[in-house]
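Visitor: Could you take me through this one?
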Amino acid sequence: MSELILAIDPNQDALALLQEMLEEKDYEVRATQDGSEGLRMAILEKPNLILLDASLVNGEADISQHLRENQNTAEIPIMVIADEEEVDPSG
């Protein structure tokens, strides 16, 4: 059985590319553009890894904080991903 990865990214094109790349490597992928839906999916499906777009981290809608505070998802590893426009080269 392949590992399940949950990808949460509001950018539809980036999400589709990420899903395609992971599925080519035989990962099972669930994907959503909506942070609230991603949180619900994480609770119900308990993925092995969550890929979370950087735009959904920090601020009022910090999905990673909600995932860490929920006992059902607190132990799931989270990898924050960003496209070039989201990366601050100054650090």
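Guide: What follows covers the sheet and the helix packed on it. This is a predicted model, where local features need pLDDT of at least 70, side-chain atom pairs count only at pLDDT 80 or more, and totals for chains, interfaces and linings use all residues. Residues are numbered from 1 along each chain as its sequence is written, and side-chain values use heavy atoms, with hydrogens and water left out.

Visitor: In what order do the strands of the sheet come?
Guide: The order is S2-S1-S3-S4, in an open sheet with parallel pairing. Strands are DSSP runs of E of at least two residues, helices runs of H or I of at least four, numbered from the N terminus; two strands pair if DSSP finds at least two bridges between them.

Visitor: Which are the edge strands?
Guide: S2 (28–32) and S4 (78–81), each pairing on one side only.

Visitor: How many bridges join S1 and S2?
Guide: Five, with S1 spanning residues 4–8. Leu4, for instance, has Glu28 in S2 as its bridge partner.

Visitor: Switching to H1, which of its residues are buried?
Guide: Leu15, Leu18 and Leu22, buried meaning under 20% relative accessible area and exposed over 50%, with partly exposed in between (1.4 Å probe, protein chains only). Seen down the axis of H1, they fall within an arc of 65°, so they line one face; the arc is that of the directions from the helix axis to the C-beta atoms.

Visitor: What covers them?
Guide: The cover includes S1, S2, S3 and S4.

Visitor: And which exposed residues sit on the face turned away?
Guide: Gln12, Asp13 and Glu24.

Key:
Contact = heavy atoms within 4.5 Å. Axes fitted to C-alpha atoms, helices over the stretch in contact; angles between N-to-C directions.
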